Amino acid sequence: MKQLSRVLAVHLLFVVLSPGLRADEVPVDRSLYFPPAQGEWETVEPGEVGWDAAKLQEALDYAGKNQSTGVVILYKGRILAEKYFKVEGAKSAKFRARIVGRDEAGHTIEDVASAQKSVASILVGIAQQKGLLKIEDSVTQHLGAGWSKVKPDEEKAITIRHLITMTSGLTDRGTFEAKPGTKWRYNTMAYSKSMDVVAAVAKLDRHELTKQWLTRPLGMSDSKWVKRGSPAIQLVNGFGFATTARDLARFGLMTLAEGKWGDKTVLADQKYLKQATTSSQKLNPYYGYLWWVNRNANAPNRGSRLQTAPKDMFSANGALNRRCFVVPSLQLVVTRLGDQPDAGRTFDRQIWKLLTEAAPAAR
């Protein structure tokens with residue numbers, strides 16, 4: 001017992017005498033809470049865990065003034081802050097088209113646009129874990145010839161890894177642009193084939209496999225794939241992933257927990273998960289496997305993609321600033337749904353400036 005007390009004293013002394021520690025250097029308590037599928041989700045008061053409640057409220061107010069419908073902030077799995085808003089003024093057509101319903105509490109269920117890509121990333125990892133595919137497999141091996149508009153030999157050279165790192169070498173219309181692995185292009189059409197591959201190898205449609213592998217184990221009861229109506233969108237990616245701010249936070253918490261959910265293991269392949277949420281290639285070092293990352297792993301001393309956020313942050317990003325941010329160093333998950341912020345591209349930078357000022361490491 002004396003030995004334990006001595007160890008704790010040394011640990012506390014280290015923290016107290018190191019005021020210059022960055023967030024990603026502070027010793028982290030890895031214990032996490034996982035909310036039940038039904039019932040109350042535990043909360044934690046900001047002051048109890050060293051957060052500045054007034055500064056945190058300032059961040060929520062900023063989100064509310066910038067067309068957010070909902071923000072959920074988890075600290076070690078418990079709700080640190082949560083706020084819902086009514087979008088004021090003229091609502092964009094894209095926003096209206098992406099509202100697919102409401103949960104029991106009356107909060108919006110929204111098609112989260114390209115944030116779905118990070119959901120697909122986890123599903124690809126689970127499929128590989130199950131031995132149904134390898135990400136170095138040719139896409140043609142699972143979908144057959146003709147899934148793109150390039151020559152058969154060019155098509156056969158494109159692997160699943162190329163799809164999930166955005167290095168397929170295809171144009172947005174599926175025609176040839178470059179040899180796979182030599183050019184980075186954010187290509188939703190090419191990405192969408194990764195979900196076709198998962199469905200093919202699982203011999204299940206995307207709805208059922210996502211329910212069995214992900215949403216049911218995590219208690220994401222208000223999440224589902226929805227078919228999009230516009231013919232133009234159908235040609236690019238015919239499905240959207242619809243979810244709530246809370247359900248999306250559950251998804252982020254599972255990745256924070258390194259693929260676990262309580263005593264369940266959703267994704268055991270730690271190598272895949274690490275590669276998915278760090279630099280996956282050198283062409284765009286701020287992209288993993290369908291996740292955006294904040295640190296350039298190829299040159300760690302270079303600047304972050306989002307300067308105001310912790311370097312170890314990774315995120316699921318969608319149009320209209322649909323977001324799921326995960327920050328292991330702060331044991332934090334932040335989700336934001338809504339319409340395009342009035343602040344536009346500066347929204348992420350400002351919200352993280354405010355959150356960083358509220359966080360314990362900032363004081």
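Which loop holds alanine 145? Select alanine 145 and you will find yourself between helix 5 (139-143) and helix 6 (152-156). Helices here are DSSP runs of H or I with at least four residues, strands are runs of E with at least two, and both are numbered from the N terminus.

Before going on, a word on what you have open: this is a predicted model, in which local features need pLDDT of at least 70, side-chain atom pairs count only at pLDDT 80 or more, and totals for chains, interfaces and linings use all residues. Residues are numbered from 1 along each chain as its sequence is written, and side-chain values use heavy atoms, with hydrogens and water left out.

**Stop 1: the loop at alanine 145**

Is alanine 145 buried or exposed? Alanine 145 counts as exposed, because its relative accessibility is 69% and the label applies over 50%, with buried meaning under 20% and partly exposed in between (1.4 Å probe, protein chains only). Now show its surroundings: setting aside residues up to four places away in sequence, alanine 145 touches Thr140 and Glu155, where contact means heavy atoms within 4.5 Å. For a sense of scale, draw a distance from the C-alpha of alanine 145 to that of valine 266: the two are 121 residues apart along the chain and 32 Å apart in space.

**Stop 2: lysine 260**

Next, select lysine 260, which sits in strand 7 (residues 260-261). Lysine 260 has a relative accessible area of 40%, so it is partly exposed. Beyond the residues within four places in sequence, its contacts are Phe34, Met254, Thr265 and Val266. Zoom in on threonine 265: its side chain and that of lysine 260 make a polar contact of 3.2 Å. A polar contact is a pair of N or O atoms within 3.5 Å; within protein, one must be able to donate a hydrogen and the other to accept it, and residues adjacent in sequence count only if both atoms are side-chain atoms.

**Stop 3: the six-stranded sheet**

Colour the strands of the open sheet with the order 2-1-12-11-10-9, whose pairing is antiparallel. Its edge strands are strand 2 (78-84) and strand 9 (292-293), each paired on one side only. Two strands pair if DSSP finds at least two bridges between them.

Start with strand 1 (residues 68-75), which is joined to strand 2 by six antiparallel bridges. Here isoleucine 73 faces alanine 81 of strand 2. On its pairing with strand 12, strand 1 has seven bridges, also antiparallel, and serine 68 stands opposite glycine 338.

Stay on serine 68 for a moment. With a relative accessible area of 1%, serine 68 is buried. Its side chain reaches the backbone oxygen of alanine 63 at 2.8 Å. Among its contacts outside four places in sequence are Phe85, Val87 and Phe347.

Why is strand 12 (residues 332-338) described as largely enclosed by the rest of the structure? Because seven of its seven residues are buried. Both faces are covered, with Leu332, Val334, Arg336 and Gly338 on one side and Val333, Thr335 and Leu337 on the other. Follow strand 12 back to strand 11 (residues 322-327): the two form a hairpin with four residues between them, and glutamine 331 in the turn has a positive phi of about 55 degrees. Five antiparallel bridges link this pair, and arginine 323 stands opposite arginine 336.

**Stop 4: two crossing helices**

Now show helix 8 (residues 188-202) and helix 9 (residues 206-218), which pack at about 80 degrees with axes 9 Å apart. Axes are lines fitted to C-alpha atoms, for helices over the stretch in contact, and angles run from 0 to 180 degrees between N-to-C directions. Helix 8 and helix 9 are therefore roughly perpendicular, the label for angles of 65 to 115 degrees. Display the side chains where they meet: Met195, Asp196, Val198, Ala199 and Ala202 from helix 8, against Arg206, Leu209 and Trp213 from helix 9.

**Stop 5: the four-stranded sheet**

Finish at the open sheet with the order 3-4-6-5, again with antiparallel pairing. Strand 3 (99-102) and strand 5 (224-227) are at the edges with a single partner strand each, so one side of each has no neighbour in the sheet. Three bridges join strand 3 to strand 4 (residues 108-111), and arginine 102 has threonine 108 as its bridge partner. Last, add helix 4 (residues 116-129), which packs on this sheet and touches strand 5 and strand 6 (239-243).

Methods. Angles under 35 degrees count as roughly parallel, over 145 as roughly antiparallel, 65 to 115 as roughly perpendicular and the rest as oblique.
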